[in-house]
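This report covers the pockets of the structure shown below and the helix contacts beside them. Please keep the structure in view while reading.

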Amino acid sequence: MAEGDNKSANLLETAQLEEQLQGWGEVILAGDRVVRWEKPWFPGALMGVTTVLFLLIYYLDPSVLTGISCSVMLLCLSDYLVPTLAPRVFGSNKWTTEQQQRFHEICGNLVKTQRRIVGWWKRLCALKEEKPKMYFASVISSLLAVAWIGQQVHNLFLTYLIVSVLLLLPGLNQHGLISKYTSMAKREINKLLKHKEKKNE
């Protein structure tokens, strides 16, 4: 019964998100095609655009306040202009059943991701209540590790690496590269463990 309720809640949230993002439909589908590497030159173009954008930020070297203001301004302009211009650029009459299905899948994936993040946060809160010492030790050690990495690597370069990985992740997953290399890594680890066990014998 709970599983059925969960599915219906997922469908309801997906439908609500679809309604909210309806004006962005064509842009989301175009972006989805790029990040899933539907054409072989898409990863290169994606990395090229990301690199140029970060080089521009590095060259201009804006202050934190200027950076936040410009980012919010771009978001506001996009929110106003995209729903108006997207149908003219992409042609709303070309919206097919296949595109609608893909848009539904994307919205469903976004809802699932949001639920996973909320689930992780709830588990962290539960850990804080049930095992406060473990919570304290794990959170402090994780934050210390992140602080050390942040101290060693330039902020902008670190942000560039994170953004690049996040943008390439859907394409890597779509083309099976993640599963391929993780299975290769697992095989190598198993070989090392077996070799170690034989040595101990």
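Val35 lies in helix α2; helices here are DSSP runs of H or I with at least four residues, numbered from the N terminus. At 19% relative accessibility, Val35 counts as buried, because buried means under 20% relative accessible area, with a 1.4 Å probe and protein chains only. Apart from neighbours within four places in sequence, Val35 is in contact (heavy atoms within 4.5 Å) with Leu46, Leu167, Pro170 and Gly171. The C-alpha atoms of Val35 and Leu169 are separated by 8.0 Å, although the two residues are 134 residues apart along the chain.

The model is predicted: local features need pLDDT of at least 70, side-chain atom pairs count only at pLDDT 80 or more, and totals for chains, interfaces and linings use all residues. Residues are numbered from 1 along each chain as its sequence is written, and side-chain values use heavy atoms, with hydrogens and water left out.

Asp32 is also found in helix α2. Its relative accessibility of 10% makes Asp32 count as buried. Outside its neighbours within four places in sequence, Asp32 is in contact with Arg102 and Ile106.

Helix α2 and helix α5 have axes that come within 10 Å and cross at roughly 80°. Axes are lines fitted to C-alpha atoms, for helices over the stretch in contact, and angles run from 0 to 180 degrees between N-to-C directions. The crossing therefore makes α2 roughly perpendicular to α5, a term for angles of 65 to 115 degrees; under 35 is roughly parallel, over 145 roughly antiparallel and the rest oblique. From α2 the contact takes in Gly25, Ile28, Leu29 and Asp32, and from α5 Gln99, Arg102, Phe103 and Ile106. By class, this contact of α2 with α5 holds four nonpolar, two polar and two charged residues. Ala, Val, Leu, Ile, Met, Phe, Trp, Tyr, Cys and Pro count as nonpolar, Asp, Glu, Lys and Arg as charged, and the others, Gly among them, as polar.

How do α5 and α6 pack, and at what angle? Their axes are 5 Å apart, at an angle of about 125°, which makes α5 oblique to α6. Leu124, Leu127, Lys128, Glu129 and Glu130 of α5 meet Pro132, Met134, Tyr135, Ser138 and Val139 of α6 in this contact.

Two pockets complete the picture. A pocket is an open set of points on a 1 Å grid over the protein atoms alone, where a 1.4 Å probe fits, with protein on both sides within 12 Å along at least five of seven lines; lining residues have an atom within 4 Å of a point. A volume is the space filled by probe spheres set on the points, which are joined across faces, edges and corners.

| Pocket | Volume | Lining by class |
|---|---|---|
| Largest | about 620 Å³ | nine nonpolar, five polar, three charged |
| Second largest | about 540 Å³ | eleven nonpolar, six polar, one charged |

The largest pocket is lined by 17 residues, and Asp32, Val35, Arg102, Asn109 and Pro170 lie nearest its centre. Helices α2 (25–35), α5 (97–130) and α7 (155–174) each supply at least two residues of this lining of the largest pocket.

For the second largest pocket, α3 (42–60), α4 (64–91) and α7 each supply at least two lining residues. With seven residues, α4 gives the most to the lining of the second largest pocket.

How values were computed. Buried < 20%, exposed > 50% of the residue type's maximum accessible area, 1.4 Å probe, protein only.
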